[in-house]
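This report looks at a few local features of one protein model, beginning with how burial is judged and ending with a metal site.

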Amino acid sequence: ESSFSVIAPAGAFISLTVNGEIIGTAMSNGGSTNIAIEPQLPPNPMVVTVTKQNYYRYESNVDIISPSGPCVIADSFVINDASGNNNGLMDYGESIMFHMTMKNVGMAAANNVSTTMTSNNAYVTITNGNAYFGNIAPNSTVTVNNAFSFTVSPNIPDSHAVSFILNSTDGADNWISYISIVGHAPNIKFKQYVINDEGGNGNGLLDPGEIAPMTITVENQGSLTAYNVVGMLTTTDPNVTILTSQPQSMDDINAGGTSTCEFIVSASANIPAGYTADLTLNLNADFGVTQQTTFYLLFPDYCYPTAKCSLGDGFNGFALEQINNMTGNGCSPNGYGDYTNMVADLQGGQKYTVQWRSGFSNQRASLWIDLNDNKEFESSEILINEFELLTPNQVYSTIFTVPEGDYTGYRRIRIRAHFHNTPPHPCVAYVYGETEDYTANFGNQATLAPPQNVAANVIGDSVVVTWQAPARADATLLGYNVYRNNILLDIVTGNEYFDLDLPAGTYSYEVTAVYYQGE
Ligand SMILES: [Ca+2]
Ligand SMILES: [Ca+2]
Ligand SMILES: [Ca+2]
Ligand SMILES: [Ca+2]
């Protein structure tokens, strides 16, 4: 015997000792680990020790016997997966046969050898576990083609090792040996999503009241190709609607590869800031591969920093265009004042004058506008940087320019003042200072015109709904929502919809034009 095999959890350390001397060691791969050793002679037993972090130590004695009789063990095997993908590996969903070679490592001939193969692994089902190897001379092998057969579950995890037990007998003696095979499978996983709202406000977020395509990236982290991957996005959230009601194809995804699919998603207009909605992505691929992931769609809120203004720090007056907050503007609770109901009409590329005032000396005042509407004030959005309000209760004026841009709708204005100069920040807490938020109105949004000439024609037990494009679309059109009896059927990009195989009855249809800004 020149090797010894041990089945132990992956990462376990195995050592073999005889009479206190180490004759072999190995790290387990999780399956059957073969450890090469020098042949040993009686009488001392071999001690097998298996250790692993957080596990009890395992120790057991193995008798060393004189190889006087026959002894038949597994020698080698070849996987025949010709009915599967024929790559010689054990893959998910395959029916596999073994060409099995057994070896007589004993000193005497083994006659009429038969072998039974079993496994207690739930991911394989043995369909033929009995093979006859006949007579095997000492130190000889016998190979039986397609000796055993089994099927592999479509759900076997990638890189999962399956152990098989081979029990051989010549009618008098029994010999147990083990083989271990690593299974291969695809492992398709949700990777990320991107909101494509360039036709809307372009901030990369699905905003309340907005409709936009969501592009989902799926990655195959397994070691095999996933075939005909299809994604389906659903939600039970009352504030989010997935307009794309049909599964979306991603074709085949190779091991390590990615693919994308797209769903048009709509958010109701009254979603509160800071809300999260759960979306569920169901992935399916050929041969029974499935994967489900729930991920979160966040409707972010602004930061609300604190500061102390009870001594007069911060603002006791602010004016910009239609905003006049010069009177009654005291110290806000916790140093944050929400004046977003005060609105100034602004335009890209224009200069504006602000007037502001503090109740304490040596304030540094800054102004931001969230021009890209992403609920953050980036450094590019600071339009007044550390203006000095030196004297208490004196009104100061200064000019700022809104960067060129084709803005529409409402944007958040934030002003912050703090005592002495530290770098301005839209979010951090100031010891002495104050924050006030206002609203800028960059003008009306585009008109959302409806489709024209909607018609429904009955053909047999089906209905064909047709329509024409809106007369004037000055916003970007995403498609058309088709409703039957006020229930959304699907979003389509063409100008017709086939509602097939309907039971007899009366139906009403509605078609709406869908824009990023609404329908
Ligand atoms: Ca295969
Ligand atoms: Ca958006
Ligand atoms: Ca104030
Ligand atoms: Ca921003």
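A residue is called buried when its relative accessible area is under 20%, exposed when that area is over 50%, and partly exposed in between. The model discussed here is predicted. Because Val-464 has a relative accessibility of 12%, this residue counts as buried.

Val-464 belongs to strand E34, which covers residues 462-468. Beyond its neighbours within four places in sequence, Val-464 is in contact with Ala-455, Ala-456, Asn-457 and Ile-459, and also with Tyr-497 and Phe-498. His-418, by contrast, is 46 residues away from Val-464 in sequence, and the two C-alpha atoms are 65 Å apart in space.

The relative accessibilities of four residues, taken from the strands and from the metal site, are set out below.

| Residue | Relative accessibility | Class |
|---|---|---|
| Val-464 | 12% | buried |
| Ile-176 | 45% | partly exposed |
| Asn-85 | 38% | partly exposed |
| Glu-94 | 5% | buried |

Ile-176 is part of strand E15, residues 174-184, and together with Ile-7 and Tyr-178 it makes a nonpolar surface patch of about 270 Å².

Which residues provide the protein donors of the calcium ion (ligand 1)? They are Asp-81 (OD), Asn-85 (OD1), Asn-87 (OD1), Leu-89 (O), Asp-91 (OD) and Glu-94, the last of which is listed with OE twice, and the donors lie 2.2 to 2.5 Å from the ion. Along the sequence, the donor residues of this calcium ion follow the spacing D-x3-N-x1-N-x1-L-x1-D-x2-E. Of these donor residues, Asn-85 is partly exposed at 38% relative accessibility, whereas Glu-94, at 5%, is buried.

Terms used: Residues numbered from 1 in each chain as written. Chains lettered and ligands numbered in written order. Predicted model: local features only at pLDDT ≥ 70, side-chain atom pairs only at ≥ 80, totals over all residues. Heavy atoms only, no water. Donors = N, O, S within 2.8 Å, 3.2 Å for Na, K, Ca; no water. Buried < 20%, exposed > 50% of the residue type's maximum accessible area, 1.4 Å probe, protein only. Helix = DSSP H or I, 4+ residues; strand = E, 2+ residues; numbered from the N terminus. Contact = heavy atoms within 4.5 Å. Patch = residues over 30% accessible without salt bridge, like charges linked within 9 Å, V, L, I, M, F, W, Y side chains within 5 Å. Areas by Shrake-Rupley, 256 points an atom, 1.4 Å probe, with all protein chains shown as cover. Salt bridge = Lys/Arg side-chain N within 4 Å of Asp/Glu carboxyl O.
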